[in-house]
Amino acid sequence: MLLSIKAKEVLPIFIFDKTILDELNCDDKRVDYIFKKVLELKKELKKYDLDLAIFYAEVIDVFTFLKQKGFSCVYASVDYDNYARNRDNEIGKLVEFNALFDCYIYEPKEILKKDGSCYVVFAPFFKEAKQQYTKEHALKYEIEKNILSDFDYFDYINEFKENSFIQKSLDIKSIGFVSNSIKYEPAIKKLKSLKTKIQTYEEKRDYLNEDATSNLSLDLRFGAISIRRVLRELISLKKQGFQTEAFFRQLVFRDFYASLLYHFPKLHTQDFRSYAPYMYNKEYYERFITANTGVPIVDAGVTQLLTTGYMHNRVRMIVASFFCKHLMLPWQKGEAFFAKYLMDYDAASNILSWQWSSSTGIDAQPYFRVFNPYLQAKKFDKDALYIKKYLKPLKGLEAKKIHDEEFLFSNSIKGYTKPIVKHKQAREYFLEEAKSFINN
Ligand SMILES: Cc1cc2nc3c(=O)[nH]c(=O)nc-3n(C[C@H](O)[C@H](O)[C@H](O)COP(=O)(O)OP(=O)(O)OC[C@H]3O[C@@H](n4cnc5c(N)ncnc54)[C@H](O)[C@@H]3O)c2cc1C
């Protein structure tokens, strides 16, 4: 966020929002990531004779304080989830709030049907998005010569006591969190490696051992790289003759979900349609979140999430389908579990992907399509390398046996549990329940 006191005089600020942080565990990897990125930004801004004022407080208290100091307006790149929108409305009551739509390619009202309503199916949204695309969408912001507002951190320390410790120490402990040893690959390096991945992206992106995707979701989520920088790279690759459309399509998917959440804020918690039957079986839920379902691809995915904060897209689809259809647990519970651990957690993508998986959402997977987790694993993790990486007890087992439900049911494997449900029975039960739900 940039606060401006008079034209051209700015104070770049970052707020560690207490309301958000109070809900998180002290070892939340996202806070560590953001903290490291904020320090990098502070260093970077110094190259332009600017600095970054870092606050750890309730957002409204910070703006009340800054308003007293004479700051009159704020420029911020906005997010569309309900919390962010309400917060920005409140800030707007204190200072002039200038929303910049810089998280996504398109502004939320840019891709609409001719009658002004919002697209609810991806294919026409994508078609229209391509038609609306101009070089402005990939525009690079020019850096202007700005003057840093005349402010002294130490004055702030004395006057805004909530903030005192953070400016003094610039240590993550000062906001009650712990650092971890994860080294984050710079976003720009990941972007550059797209050159070696993009030609085969479409063909390989679902295969779990290919490292065929960009891994940029975390950086895009927290603005460590601008979506426009990514677009400029795609343009350059296209000019060199690479196939870029499949990758661009996924970026537009992100926009599609953001636009849906913007136009239908109720989707945060409510289904768009409601024909998913579910029951809440606590034991099933506990076994799922502890990677103890006995279904290897599901447990491997959950273990990847718990240990790294990431899960491969194909595995997210398998795991979410299993949760909603085989275990018939409510998608909201699965969404909340992902929200707690995904480093790249993005409300729109996560909520709408979970609704897609449970067949209750907009443009969702039809309810009768139930992934067979064993066939999915056999196809996308043929040699079970992904599964073995995350499930140590299965390390010595042949891939053929890992993908064989009957084998897993009828044999005991040291350190690993038997499958929680049988695919065929669970699928039939779900379909029966779903049909009667629809008919009533
Ligand atoms: C149940 C479920 C939950 C998900 N939750 C999230 C989430 O919280 N945050 C999140 O960023 N993505 C989420 N996704 C989408 C997708 O899994 C991740 O974006 C992707 O795995 C990130 O890896 P990548 O950066 O290597 O993707 P790439 O394949 O390299 O794709 C490039 C970028 O496009 C966007 N993208 C790709 N696929 C999708 C998609 N299906 N939907 C929306 N955007 C996409 C991402 O920003 C991604 O970084 C979810 C998918 C499912 C099925």
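Helices here are DSSP runs of at least four residues, numbered from the N terminus. The model is predicted. This report looks at the ligand and the residues around it.

**The shell**

The ligand is surrounded by 26 residues. Tyr-201, Thr-213, Ser-214, Asn-215 and Asn-313 are the closest of them. Sorted by class, the shell holds 13 nonpolar residues, 9 polar ones and 4 charged ones.

**Where the shell comes from**

Four helices each supply at least two shell residues: α11 (217-221), α13 (245-263), α16 (313-326) and α18 (347-357). Which helix gives the most? That is α13, with 5 residues. Domains tell a related story. Domain 2 (103-138 + 188-263) provides at least three residues of the shell. Domain 3 (282-439) also provides at least three.

**Polar contacts**

Oxygen atoms of the ligand pair with polar atoms of the protein. The table lists three such pairs.

| Residue | Protein atom | Distance to a ligand oxygen |
|---|---|---|
| Thr-213 | side-chain N or O | 2.7 Å |
| Tyr-310 | side-chain N or O | 2.9 Å |
| Asp-346 | polar backbone atom | 3.0 Å |

Polar contacts are counted within 3.5 Å. Thr-213 makes its contact through the side chain, and Tyr-310 does so too. Asp-346 uses its backbone instead.

How much of the ligand's accessible area does the protein cover? On its own, the ligand has 820 Å² of accessible area, and the protein covers 96% of that.

**The site**

The ligand sits in a pocket, the second largest one. To trace the site in the structure, start at Thr-213, one of the closest residues. Then find α13, the helix that gives the most to the shell.

Definitions and conventions:
Residues are numbered from 1 along each chain as its sequence is written. This is a predicted model: local features need pLDDT of at least 70, side-chain atom pairs count only at pLDDT 80 or more; totals for chains, interfaces and linings use all residues. Side-chain values use heavy atoms; hydrogens and water are left out. A residue is near a molecule or strand if one of its heavy atoms lies within 4 Å of it. A polar contact is a pair of N or O atoms within 3.5 Å; within protein, one must be able to donate a hydrogen and the other to accept it, and residues adjacent in sequence count only if both atoms are side-chain atoms. Accessible areas come from the Shrake-Rupley method with a 1.4 Å probe; for residues, only the protein chains shown count as cover. On a 1 Å grid over the protein atoms alone, a cavity is a set of points where a 1.4 Å probe fits but cannot get out, and a pocket is an open set with protein on both sides within 12 Å along at least five of seven lines; lining residues have an atom within 4 Å of a point. A molecule sits in a cavity or pocket if more than half of its atoms lie within 2 Å of its grid points. Ala, Val, Leu, Ile, Met, Phe, Trp, Tyr, Cys and Pro count as nonpolar, Asp, Glu, Lys and Arg as charged, and the others, Gly among them, as polar. Domain bounds come from an automatic or database domain assignment.
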